[in-house]
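Colleague: Please take one part of this model and look at it closely. Then work outward, so that I can place that part in the whole.

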Amino acid sequence: MSGISIFMYHQVGTFRDIRTHRASYCDVGRFRAQMNTLRRLRVPVISMSDAALALSGQAPMPRRAAVLTFDDGCRNFRENALPILEEFGFPSIVYAIAGMVGGTADWLADAGHATPPLMNWDELRDLQQRGVEIGSHSLHHIRLAELSPVGQLAEMADSKALLEDGLGREVRHMCYPYGSYNSDSMRAAARAGYMTGVTCVRGAASPGFDPMALPRKAISYGDDRFGFMWKLFMKDAPKSGKIASGKPL
Ligand SMILES: [Zn+2]
């Protein structure tokens, strides 16, 4: 394992019959086993902001490390993942959709999936108090690469401003919905003032990568502790642009 493994999660809980979009779901028992694996292997779990500093050369690069990211801001993060993260003392980042805070994950209906509630402002502020970083997952959860450069900038800058108003703290990190991004997205994220932008390109992050297009490792519903370990030690080779296992939602 080299570089920083930025793990991508969406929902954590108990689910049945997950046959498609498996990277959008993680069984809570498996999640605990995965956290246990990180602890047993003594892999430092660091915050996205600390990872950004290391990747940009402003802090020493750890020999190995992991970052835990959670897309969408579903309430089941708070109910199922947070207690385990707190038990292990691991930092994490939740990417919230600024224009849908307190709503439901309506876009999942298009894929025939249930639409879980999204955390509201009080819940996000509480997470922040408890040490969870909050990043932006755009304003409307749309495919950014389908927008004009101006439209992309609005999604990224307006979501940042809205989240900062609601949370009272700087929002430093961007996550492109559906992993949809292009060079305009990277420029817009930098212009909007983000430190990083994360994608669904598979691999570990290393210094020298563009901070506005950091690869991640998607954890799939089917990943037991061996699957997780395989992903942990997976080489940092995102050059193929291969999308992580199971299409994210
Ligand atoms: Zn999403």
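Modeller: I start with the metal site, then go on to the core, one helix and a few single residues.

First, the ground rules. This is a predicted model, in which local features need pLDDT of at least 70, side-chain atom pairs count only at pLDDT 80 or more, and totals for chains, interfaces and linings use all residues. Residues are numbered from 1 along each chain as its sequence is written, and side-chain values use heavy atoms, leaving out hydrogens and water.

Now the zinc ion. Its protein donors are D72 (OD), H137 (NE2) and H141 (NE2), lying 2.1 Å from the ion. Donors here are N, O and S atoms within 2.8 Å of the metal (3.2 Å for Na, K and Ca); water is not among the atoms, so sites may look incomplete. Along the chain, the donors follow the spacing D-x64-H-x3-H. D72 and H137 link distant parts of the chain, 65 residues apart. D72 sits in strand β4 (residues 65-72), and H137 in the loop between β6 (133-136) and α5 (149-167). H141 is found in that loop between β6 and α5 too. Helices (H or I, at least four residues) and strands (E, at least two) are DSSP runs, numbered from the N terminus.

How buried are the donors? Buried means under 20% relative accessible area, exposed over 50%, and partly exposed in between (1.4 Å probe, protein chains only). D72 has a relative accessible area of 5%, so D72 counts as buried. H141 is buried because its relative accessible area is 4%. H137 is buried as well. Check the backbone too. D72 has a positive phi of about 90 degrees, although D72 is not a glycine. H141 is not a glycine either, yet has a positive phi of about 55 degrees.

Next, the core. A nonpolar core is a set of buried Ala, Val, Leu, Ile, Met, Phe, Trp, Tyr and Cys residues joined through side-chain atoms within 4.5 Å. The largest has 45 residues. Y9, F31, M35, L38, L68, F70 and F77 touch the most other members. Helix α3 (residues 75-88) gives the largest share of this core, six residues. A second, separate core has 14 residues, among them A51, A65, C175 and V198.

Take F70. Its contacts (heavy atoms within 4.5 Å) include Y9, F31, F77, L85, I93 and V94, not counting residues up to four places away in sequence.

Helix α1 (residues 28-40) comes next. It has 13 residues and reaches 18 Å from its first C-alpha to its last, close to the 18 Å expected at 1.5 Å a residue. The expected span is 1.5 Å times one less than the number of residues. F31, A33, Q34, M35, T37 and L38 are buried in α1. The buried residues of α1 pack against β1 (4-9), β2 (11-13), β3 (25-27), β4, α3 and α7 (225-233). At the start of α1, a side-chain oxygen of D27 comes within 3.0 Å of the backbone nitrogen of G29. Just after α1, R42 takes a positive phi of about 55 degrees.

Two single residues make a contrast. S185 is found in helix α6 (residues 183-192). S185 is buried, with a relative accessible area of 0%. Its side chain reaches the backbone nitrogen of N182 at 2.8 Å. Beyond residues up to four places away in sequence, S185 touches L144, Q152, M156 and Y176. T115 lies in the loop between β5 (93-96) and α4 (121-129). T115 has 32% relative accessibility, so T115 counts as partly exposed. T115 touches T104, A105, D106, L108 and A109, again leaving out residues up to four places away in sequence. T115 and C74 are 41 residues apart in sequence, but 9.5 Å apart in space, C-alpha to C-alpha.

Last, confidence. pLDDT is the predictor's confidence in each residue, from 0 to 100. The protein chain has a mean pLDDT of 91, and 94% of its residues reach 70 or more. Over residues 237-246 the pLDDT is below 50; that stretch has 20 contacts in the model beyond near neighbours in sequence. Where pLDDT is low, the predicted coordinates should not be read in detail.

Terms used: Polar contact = N/O pair within 3.5 Å; in protein donor to acceptor, adjacent residues only side chain to side chain.
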